[in-house]
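I am opening my notebook on a structure that is new to me, and you are welcome to read along. I will look things up a little at a time and write down what I find.

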Amino acid sequence: MVRLVAVWCPSLTREGPDGDEPRRFADVLDAAVELAPFARPVRLGVLTIPSKGPSRFFGGEAAFCELLGRALTPHVGDGQVGVGVAEGLFAAVLAARSSVIVPTGATPEFLAPWSVATLRDPDLAATCQRLGLHTLGRFARLDEARVLERFGLEAVRRHRVARGIDGELPGLRDPAALRRLDAVRRRDDPRDVQRGFFGEHAGAAARAAAAAQRLERRLGEGAVSVARLGGGRAPDDRAALVPWGSAEAERPGRDVAPWPGRLPAPSPSSIPSRTLEVALLDRRGAPVRVGATGLLSATPARLEFEPGRGRGVVAHCGPWPMAERWWSVSRRRAHLQVLCDDGLALLLRAERSSWWLAGVYD
């Protein structure tokens, strides 16, 4: 199960007569998003954040929980803020109610003393209490087949939650409250112009993050990757896929270092997923090289992807030489933009006496 940081604001869990709680909780959520862009509401007064990325970025779960509590408290008013960590949504919310960080792998032990009533099934709780099963630990020790036989399929789901095998308790999420919260946030920002983690609007970022979270629950932790634009001189250096929810994925902003020798704009719209060698020829059919001075040996006239099959080159720009890593293994390369006679615009890279396809322009 995914390890989650949960935030519990007891004064905001129910909407009062004046209906101000959703707006106040929206402020809490926005403040949490400032620290961790993947903060997501569960119901009024409760939100969760995947622990992996923020804990690495802020120096551990304890440090992040302390920072999160300080950041959210001013938005709650006179109410308290509980922050906790555990595996699974159910245990994480209980940890937030106790303001504890459950050690990794210790979720079943943490759940054991809690009342069976926390499973949010009054009929099941009443029956268990008549049988002397007052705590989650005692209920969890029952054999799953006996639970199915005696209580039914829904009780089996809650039995798995009590055992710490499953973290999604039925009824813990409140779709109606989340729709109310979403309506409040949209009314506060009708044009949805708040910038999201990926650089687009917050609404689109929320939908993308929700889709990623569903995929990760289905495929497993670390199976979902997101695009990240970082530092570097060439397009293939700057673009990378990083695990969703990791510190690299959640780090805000882009690299603004000068990077001397960086390839100028525009950047290619796509980068090949595999290395493809090409031949760049002059009018006589001789290979075009980049000399030690950074100049071309001849004017490019033809680009071939296979011997005898290619396109004519009608214009080019560059080359841009790059010399890197002089302190270890020196790497020398150069980039050249070419326009073919059929309108195809490409970025080529010269390295190790060969030309390679480095990008395609739309």
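**Entry 1: a yardstick for accessibility.** Before looking at any side chain, I note my cut-offs: a residue is buried under 20% relative accessible area, exposed over 50%, and partly exposed in between. I also remind myself that this is a predicted model.

**Entry 2: a salt bridge to try it on.** I looked up Arg-163 and found its side chain meeting that of Glu-144 in a salt bridge, at 2.7 Å from N to O. The pair links distant parts of the chain, 19 residues apart: Arg-163 is in the loop between α9 (153-162) and α10 (175-188), while Glu-144 belongs to helix α8 (residues 144-151). Are these two buried, exposed or in between? Arg-163 has 29% relative accessibility, so I put it down as partly exposed. Glu-144 has 30%, so it is partly exposed as well.

**Entry 3: the whole protein.** I stepped back for an overview. The protein has 362 residues, and buried ones make up 42% of them. I find 13 helices and 12 strands in its secondary structure. I then turned to contacts between residues at least 6 apart in sequence, and 50% of these join residues at least 24 apart.

**Entry 4: more salt bridges.** How many salt bridges are there in the count? There are 16. I looked up two further pairs.

- Arg-284 and Asp-282 meet through their side chains at 3.8 Å, N to O. Arg-284 is exposed, because its relative accessibility is 74%. Asp-282 has a relative accessible area of 8%, so I write it down as buried.
- Arg-349 and Glu-351 form a salt bridge at 3.1 Å, N to O. Arg-349 comes to 11% relative accessibility and therefore counts as buried. Glu-351 is buried too, with 8%.

I also noted a network: Arg-3, Glu-61 and Glu-87 are joined by salt bridges that share partners.

**Entry 5: an acid without a salt bridge.** Next I went to Asp-121, in the loop between α5 (107-111) and α6 (122-130). Which side chain of opposite charge is nearest to Asp-121? It is Arg-158, 4.0 Å away, yet Asp-121 has no salt bridge, although it is buried. I did find a polar atom of the Asp-121 side chain 3.2 Å from the backbone nitrogen of Leu-124.

**Entry 6: rings.** I turned to the aromatic side chains, where the count comes to four pairs. How do the rings of Phe-58 and Phe-64 sit relative to each other? Their centres are 5.4 Å apart and their planes are at 25 degrees. Planes under 30 degrees apart count as stacked, so this pair is stacked. The two partners differ in burial: Phe-58 is partly exposed at 25% relative accessibility, whereas Phe-64 is buried at 0%. With Phe-57 added, Phe-58 and Phe-64 form one aromatic cluster.

**Entry 7: charges over rings.** I checked which arginines lie over a ring and wrote down two examples. Arg-97 lies over the face of Trp-8, 5.9 Å from the ring centre. Arg-150 has its charged end over the ring of Phe-151, at 5.3 Å from the centre.

**Entry 8: a strand residue.** I picked Thr-48, which is in strand β3 (residues 46-50). Its relative accessible area is 5%, so Thr-48 is buried. What does Thr-48 touch, not counting residues up to four places away in sequence? My list for Thr-48 reads Leu-4, Val-5, Ala-6, Phe-38, Ala-39, Arg-40, Val-42 and Leu-89.

**Entry 9: a loop residue.** My last stop is Val-290, in the loop between β7 (277-281) and β8 (302-306). Val-290 is partly exposed, because its relative accessibility is 27%. Leaving aside neighbours within four places in sequence, I find Val-290 in contact with Leu-295, Leu-296, Ala-334, Ala-350 and Trp-355. I also looked up Ser-354, 64 residues from Val-290 along the chain, and the C-alpha atoms of the two are separated by 9.6 Å.

Note on methods:
Residues numbered from 1 in each chain as written. Predicted model: local features only at pLDDT ≥ 70, side-chain atom pairs only at ≥ 80, totals over all residues. Heavy atoms only, no water. Phe/Tyr/Trp six-rings, centres within 6.5 Å; stacked < 30°, edge-to-face > 60°. Buried < 20%, exposed > 50% of the residue type's maximum accessible area, 1.4 Å probe, protein only. Lys NZ or Arg CZ within 6 Å of the ring centre and 35° of its normal. Helix = DSSP H or I, 4+ residues; strand = E, 2+ residues; numbered from the N terminus. Lys, Arg positive; Asp, Glu negative; His and termini not counted. Polar contact = N/O pair within 3.5 Å; in protein donor to acceptor, adjacent residues only side chain to side chain. Contact = heavy atoms within 4.5 Å.
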